[in-house]
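Visitor: I'm new to this, so could you walk me through the structure once it is on the screen?

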Amino acid sequence: MGKVLKVREVGDPILITKCEEVDTQHIDKSIIEIIEDMKATLNFAGGFGIAAPQIGVDKRIVVIQVEKDKCTYQDCEDIPTTVMINPIWRNLSEATYTEYEGCLSVPSIRGKVERYHDIEVTYYNEQGEKITKQVHGFTARDIQHECDHLDGIVFLERVNMHNGFATKEMINKYNLKEDL
């Protein structure tokens, strides 16, 4: 069972660091401990995804999980806890859409971010098995958001609309959609 760690917030240098790949041929106890800490921290924080730099670790690891009934986004689906080591993705079409995103590392601000609707993601699981799958909608958004963290990008950098920011409170007050 992992430890709940402090989520690093915007301004922390680790959040602008391009993370190192994990040697998927040798996933050892130290990597499994990082993953368990990420799972515990994600469950405690109540988000839909977390990347290793958000707990201060310079590794290309993402954990996502979504409970559809806790997600306000219209095309959410249940995603069991999924560990992605060295994830890479590519868009399957040029179709994009813009929605508000939030982030555990930016607790009070939400921003409108354009993301691809349909992607293919390839990653390794904890056993070192390579997995490739196509995902759509909110799941695709979640993965793109978390992979940005692995490249030192916080969603704030993706907001390109002059009115693209809102506080969490204003989103709730005006019933705007909120993601992540």
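Visitor: What share of the accessible surface of the chain belongs to carbon and sulfur atoms?
Guide: Keep in mind that this is a predicted model, where local features need pLDDT of at least 70 and side-chain atom pairs count only at pLDDT 80 or more, while totals for chains, interfaces and linings use all residues. Residues are numbered from 1 along each chain as its sequence is written, and side-chain values use heavy atoms, with hydrogens and water left out. Accessible areas come from the Shrake-Rupley method with a 1.4 Å probe, and for residues only the protein chains shown count as cover. The surface comes to about 9,100 Å², and the carbon and sulfur share of that is 49%.

Visitor: In what order do the elements run from the N terminus on?
Guide: Helices (H or I, at least four residues) and strands (E, at least two) are DSSP runs, numbered from the N terminus. The chain has three helices and eight strands. Their order is α-β-β-β-β-β-β-β-α-β-α.

Visitor: How many of the chain's residues, as a percentage, count as buried?
Guide: Buried means under 20% relative accessible area, exposed means over 50%, and partly exposed is in between (1.4 Å probe, protein chains only). The chain has 180 residues, and the buried portion is 49%.

Visitor: Which residue does arginine 60 form a salt bridge with?
Guide: A salt bridge here is a side-chain nitrogen of Lys or Arg within 4 Å of a carboxyl oxygen of Asp or Glu. Arginine 60 sits in the loop between strand 1 (49–51) and strand 2 (61–66), and its partner is in the loop between helix 2 (137–150) and strand 8 (165–167), so the pair ties together parts that are 91 residues apart in sequence. Arginine 60 is buried at 10% relative accessible area, whereas the partner is partly exposed at 33%. With the closest N and O atoms 3.0 Å apart, that partner is aspartate 151.

Visitor: Is aspartate 37, which meets lysine 3 in a salt bridge, buried or exposed?
Guide: The two side chains come to 3.3 Å, N to O. Lysine 3 is in the segment before helix 1 (29–45) and aspartate 37 is in helix 1, 34 residues apart. At 9% relative accessibility, aspartate 37 counts as buried.

Visitor: Which residues are joined into one network by salt bridges that share partners?
Guide: Start with glutamate 101 and arginine 141, whose side chains meet at 2.7 Å, N to O. Glutamate 101 is in strand 4 (residues 96–103) and arginine 141 is in helix 2, 40 residues apart, and both are buried. Shared partners build the network of Glu101, Arg115, Arg141, Asp148 and Arg158.

Visitor: What is the phi of asparagine 86?
Guide: Most residues other than glycine have a negative phi. Asparagine 86, in strand 3 (residues 79–91), is buried at 10% relative accessibility. Its phi is positive, near 55 degrees.

Visitor: Which residues does methionine 38 touch, leaving out those up to four places away in sequence?
Guide: Methionine 38 lies in helix 1 and is buried, with a relative accessible area of 0%. Contact means heavy atoms within 4.5 Å. By that rule methionine 38 touches Ile50, Ala51, Ala52, Ile55, Ile61, Val62 and Val63.
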